[in-house]
Every structure is written in structure tokens, then in C-alpha cells.
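This report looks at how two chains meet in one model. It begins with the interface as a whole and then turns to a single residue.

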Amino acid sequence: MPGSRYAADAPHLLRKVELDGLTALFHLPSGTTHILAPPAPEILAVLGEGPADADTLLDALRSRYALVEQEGERSALLARLAELEAAGLVQRA
Amino acid sequence: MKNPRDDRQGPEIREPSRRHVLALGAAAASTVVTIKPAMAQTAASVLNCQIPVPAPEAAGSYVASDGSLVPPGTPGAVPPAMRPLTGEEAKQLLRGGPAPAGMDSQAAQAYANYIRRLQAGMSGFTCYASLQMPR
């Protein structure tokens with residue numbers, strides 16, 4: 001069974017300011033401000049290009065960044081996606 | 001797979017081509033904090049914020065029942081609101097509650113739909129957005 005697909009708003013609907021390792025992000029559609037730590041901005045950047053499921057997203061992140069090898073990579077990514085979803089920055093596509 | 005040059009710390013993301021190190025973190029960690037206005041202190045100002053209908057840039061336009069702006073005198077459309085709506089009034093309208101005194105139900109519906117169509121950058125959007133915040 002394929003996993004859920006996730007989507008994020010296009011970059012023009014976000015205003016970002018890099019803050020010493022953190023990212024302050026203003027989400028225009030909701031008028032809310034969020035402070036993000038890595039890898040949240042990177043995940044949003046990938047999803048901003050188009051919806052993806054967790055595996056595709058993981059591959060995309062792997063192709064762009066040197067992902068720190070860790071156990072439970074996929075569950076960590078799902079946890080990040082759940083946080084972004086709870087904040088209203090990511091939706092199930 | 002790792003290049004030693006990539007082994008520096010730091011979450012910079014400006015140059016993804018250099019393959020910065022990225023950790024997905026522990027499942028229990030948290031990477032998103034949403035800034036919520038301190039509602040107790042801001043409730044009053046939110047309810048006093050104002051939404052001009054239509055925005056000053058479109059002054060004089062009539063408001064059709066679906067909330068779009070149309071030329072003055074368009075049949076079925078209502079004239080601009082006599083004064084900006086307050087946040088409290090907008091909230092009532094959006095809930096389908098009673099219209100403010102002197103506003104008929106046709107105007108109330110048109111204005112509510114206009115407010116629903118507000119987008120970032122338009123006068124009154126921030127007020128409208130603040131009305132959507134959970135409290």
C-alpha cells in the first residue's frame with residue numbers, strides 16, 4: 001500500500017528569514033509565524049516543488065544533503081512531517 | 001558516501017549543491033514552534049482591528065453577493081460599507097450571525113464573502129487572519 005503523500009505551499013507563499021541556524025517563517029495563507037529548526041525548512045523546500053510520499057522525500061533529501069546516518073530514519077522523517085502538518089505547513093496530498 | 005569535506009557541522013541551506021550535513025533528528029525531537037499571539041492580551045486589539053470593505057484601493061466599487069468587486073451600480077451588488085467593519089463585526093458576519101445595525105442581510109452576505117476572499121497584502125487581511133486563530 002503506498003504511503004501518504006505530503007504537500008506544502010509554494011515558496012512564494014512563505015517569507016523566510018535565516019536566524020543563526022534557525023529559520024523564522026511567515027506563512028502567508030494563515031498569517032502565522034513559525035520558528036523552524038533543520039530539517040524542517042529543507043523538507044518544506046522539497047515539498048514546495050511538488051507533493052511527495054515519505055520515501056520519495058527521503059530520496060530527495062538524500063540527493064541534496066549528506067543525511068546523517070541513523071536508525072529509524074524513516075520514522076524520524078514521519079515525525080518531522082507530523083510536526084509540520086500540525087503546524088499547518090504541510091498537508092496530506 | 002560521505003565526503004570528509006561535508007563533515008562540518010551547521011545547518012546552512014543556501015548551497016545545497018555542497019551537500020550539507022542534515023540530521024533528521026530523533027522521532028521525539030521537535031523542530032517546529034509556532035508563534036501564537038498571547039491571546040489574552042491581544043483579544044481586545046484583534047476585535048478592534050478594522051476591515052475596510054472594499055479596500056481603499058478599490059474605493060467606490062460595489063460588492064457582489066459572492067464577495068467579488070464590481071463596478072458601481074451593478075445589479076445585485078451592494079454599495080461599499082459605510083465604514084470599515086470591526087473585527088468583532090466581521091467575526092459575526094462570517095459566522096452568519098446578526099448583521100450590524102443598518103446593514104441588510106444581502107449586504108451582510110456580500111461583505112462576509114468579500115472578507116473570506118481577502119488575501120495577504122490586502123487591507124484587512126491581517127485582521128481577518130487574526131480572527132481565524134484558535135483561541
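## The interface between chain A and chain B

In this predicted model, 37 residues of chain A are in contact with 27 residues of chain B. Between them the two chains bury about 2,700 Å², of which 64% lies on carbon and sulfur atoms. The rule finds zero salt bridges across this interface, while ten residue pairs, both members at pLDDT 80 or more, are in polar contact. At least two residues each of the side of chain A that touches chain B come from strands S2 (14-19), S4 (32-36) and S6 (66-67) and from helices H1 (40-47), H2 (54-64) and H3 of chain A. Helix H3(A) gives the most to that side, with eight residues.

By class, the side of chain A that touches chain B is made up as follows.

| Class | Side of chain A that touches chain B |
|---|---|
| Nonpolar | 20 residues |
| Polar | nine residues |
| Charged | eight residues |

The chains are also joined through their strands, since four bridges link S4(A) to the antiparallel strand S2 (residues 32-35) of chain B. Within S2(B), B:Val33 stands opposite A:Ile35.

Helix H3 of chain A, residues 73-86, includes A:Arg80. Is this residue buried or exposed? A:Arg80 counts as buried, because its relative accessibility is 0%, under the 20% cut-off. The side chain of A:Arg80 reaches the backbone oxygen of B:Leu24 at 2.7 Å. Leaving aside neighbours within four places in sequence, the contacts of A:Arg80 include A:Pro39 and A:Ile43 in chain A, and B:Leu24, B:Gly25, B:Ala26 and B:Ser30 in chain B.

Conventions. Residues are numbered from 1 along each chain as its sequence is written. Chains are lettered from A and ligands numbered from 1 in the order in which they are written. This is a predicted model: local features need pLDDT of at least 70, side-chain atom pairs count only at pLDDT 80 or more; totals for chains, interfaces and linings use all residues. Side-chain values use heavy atoms; hydrogens and water are left out. Buried means under 20% relative accessible area, exposed over 50%, partly exposed in between (1.4 Å probe, protein chains only). A polar contact is a pair of N or O atoms within 3.5 Å; within protein, one must be able to donate a hydrogen and the other to accept it, and residues adjacent in sequence count only if both atoms are side-chain atoms. Contact means heavy atoms within 4.5 Å. Buried area is the accessible area (1.4 Å probe) that two parts lose on being put together, summed over both. A salt bridge is a side-chain nitrogen of Lys or Arg within 4 Å of a carboxyl oxygen of Asp or Glu. Ala, Val, Leu, Ile, Met, Phe, Trp, Tyr, Cys and Pro count as nonpolar, Asp, Glu, Lys and Arg as charged, and the others, Gly among them, as polar. Two strands pair if DSSP finds at least two bridges between them.
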